[in-house]
Amino acid sequence: MVDTAAHDRILILDFGSQVTQLIARRVREGGVYSEIWPYDRADTAALAGFAPRGIILSGGPASVTGSATPRAPDAVFAAGVPVLGICYGQQTMCHQLGGRVEGDDHREFGRAEVSVTADARLFGADWPVGGRQTVWMSHGDRVVALPDGFRTIAVSDGAPFAAIADEARGFYGVQFHPEVAHTPGGRALLQRFTHEICGCRGDWTMAQFRSEAVAAIRRQVGGDRVILGLSGGVDSAVAAVLLHEAIGAQLTCIFVDHGLLRDGEAAQVVDLFRGHYNIPLVHIDATDRFLDLLAGVDDPETKRKRIGATFIEVFDGEAAKIGGVRFLAQGTLYPDVIESVSVVGGPSVTIKSHHNVGGLPERMNLALVEPLRELFKDEVRALGRELGLPDDMIGRHPFPGPGLAIRIPGEVTADKLAILRKADRIYLEELRTAGLYDEIWQAFAVLLPVRTVGVMGDSRSYDYVCALRAVTSTDGMTADFYPLPHDLLGRIATRIVNQVAGINRVVYDVTAKPPGTIEWE
């Protein structure tokens, strides 16, 4: 949508690291636009077309010592722009430019200390010579001989060339990962590379993006009509408000209420977009239809597929009633469109179907409008604030497309949904009251297909178990449980058991991802 050529750009070549997206996000947090490409895409013509101010080589799981492992195209080092190699990126740079990399029995995984041994443009006043920095390491191989022109600027116990520099060519390498939060000085280091070494202006802001996106939408759409599937989540909400600012009444939002939303969400969506923003909105309450198709179904994949297929049918039918529509708008984000590379080869395993509903463009023969496709999730939230969306909408935790259906293992019924909504509302209320909601990536309640014996007053109860889940994460790819205080857990459990008929026991999920997933189904 937006023409990014007007901005300084950093290119990130992906060698298969699980945290490559973090590099791009850190660069953008510094106000510099960045893109992620597969490592082998950067030939001379592609680099000339993109015209990056600098290139970053990501980490990766392979070993440079192998003969068939990935390498940076030679065009990268001939492009005449600064290059920063991170972990595997440092190793392949050294290997390709005449240095030597070897496997090592002394591996470094986790936190480590590096000592700064020389001044370099990559290091600022917060990385002084003689000082020590805490960093995050994740490597087995290490550089053992530098290419001509390079010098060592930092060392660690397991990496004699923990950071290296060829100032004349603007080539730098670090064995650690500056993009992760476990390297406290990493954000500043990356910004020195992009701003001081590459000369980027830092002009990538959501205020600027807003004006450019509005102009781009108007160019693409012209006077035609657009429909958008509004879920009430952050992505579709921001896309709707941005599109409405650009084309006004040419936009119609379709809100398919499948009856699987949290307490009060359907009314909130209608009130906000139809009432506050005056956006044309079609609201379809299809609760009965979705519950009928879920009756007797307990397999999670079957639930997802039935919900997705029925959503498309309902949406398609309502869109046909509008008539004269040429464009379908979607809240597609940049992580959805990044080309991925399988360094080790072989098909990936499907853990479960994606939360989002797909298949609409092919079915409806409409052109796509994707105004958010250049943005990460945190940028979408910033854009939402720029557009004036309320904080409780912008800061809302991720919510799956199949809704509460995948938070009720086993058959989904209207009674179970009513029980879960009440428990979930109490849980989130208590997190907000405790000031913890915004510290948590995602929190929710799950109604388990398990009944236990309890005592309520002088009577015996035999009711459901409610599981609580709260995780911290940066991108949802990995996650750890949030250590909620025991006294808070006790308050939440007491409220749920006392105020939600049908639940007599509450448990807390302390499983990380991996080995678990964030959602239960």
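Mentor: Before we start, one term: a residue is buried under 20% relative accessible area, exposed over 50%, and partly exposed in between, using a 1.4 Å probe and protein chains only.

Trainee: Got it. What kind of model is this, and how are residues numbered?

Mentor: It's a predicted model, where local features need pLDDT of at least 70, side-chain atom pairs count only at pLDDT 80 or more, and totals for chains, interfaces and linings use all residues. Residues are numbered from 1 along each chain as its sequence is written, and side-chain values use heavy atoms, with hydrogens and water left out.

Trainee: Okay, Asn278 then. Buried or exposed?

Mentor: Asn278 counts as exposed because its relative accessibility is 60%. You'll find Asn278 in the loop between helix H8 (265-276) and strand E14 (281-285). Helices (H or I, at least four residues) and strands (E, at least two) are DSSP runs, numbered from the N terminus.

Trainee: What's the phi of Asn278?

Mentor: Near 55°, which is a positive value in a residue other than glycine. Most residues other than glycine have a negative phi.

Trainee: Which other non-glycine has a positive phi?

Mentor: Cys87, at about 55°. Cys87 sits in the loop between strand E4 (83-86) and helix H4 (88-96). Cys87 counts as buried, because its relative accessibility is 4%.

Trainee: Switching to peptide bonds. Where are the cis ones near the end of the numbering I was looking at, around Pro514?

Mentor: One cis bond joins Lys513 and Pro514, with omega about -15°. Another joins Pro514 and Pro515, with omega about 15°. Pro514 lies in the segment after strand E20 (503-508), and Pro515 is in the segment after E20 too. For context, most peptide bonds are trans.

Trainee: Zooming out, how many helices and strands are there?

Mentor: The protein has 16 helices and 20 strands. The C-alpha trace spans about 75 × 65 × 40 Å along its principal axes.

Trainee: And what's the radius of gyration?

Mentor: It's 26 Å, which agrees with the value near 24 Å for a compact globule, because the protein has 521 residues. That radius is taken over C-alpha atoms, and the globule rule is 2.2 Å times the number of residues to the power 0.38.

Trainee: How much of it is buried?

Mentor: Buried residues are 54% of the 521. The exposed surface is about 21600 Å², with carbon and sulfur atoms supplying 49% of it; those areas come from the Shrake-Rupley method with a 1.4 Å probe, and for residues only the protein chains shown count as cover.

Trainee: Now Ala405. Where is it?

Mentor: Ala405 is in the loop between helix H14 (391-394) and helix H15 (414-433). Ala405 is buried, since its relative accessible area is 0%.

Trainee: Which residues does Ala405 contact?

Mentor: Leaving aside neighbours within four places in sequence, Ala405 is in contact (heavy atoms within 4.5 Å) with Leu260, Leu294, Lys303, Ile307, Val412 and Glu521. The C-alpha atoms of Ala405 and Leu291 are separated by 9.6 Å, while the two are 114 residues apart along the chain.

Trainee: Last one: how do H6 and H7 pack?

Mentor: The axes of H6 (residues 206-221) and H7 (residues 234-247) come within 9 Å and cross at roughly 65°. Those axes are lines fitted to C-alpha atoms, for helices over the stretch in contact, with angles running from 0 to 180 degrees between N-to-C directions. Among the residues that meet are Val214 and Ile217 in H6, with Leu242 and Leu243 in H7.
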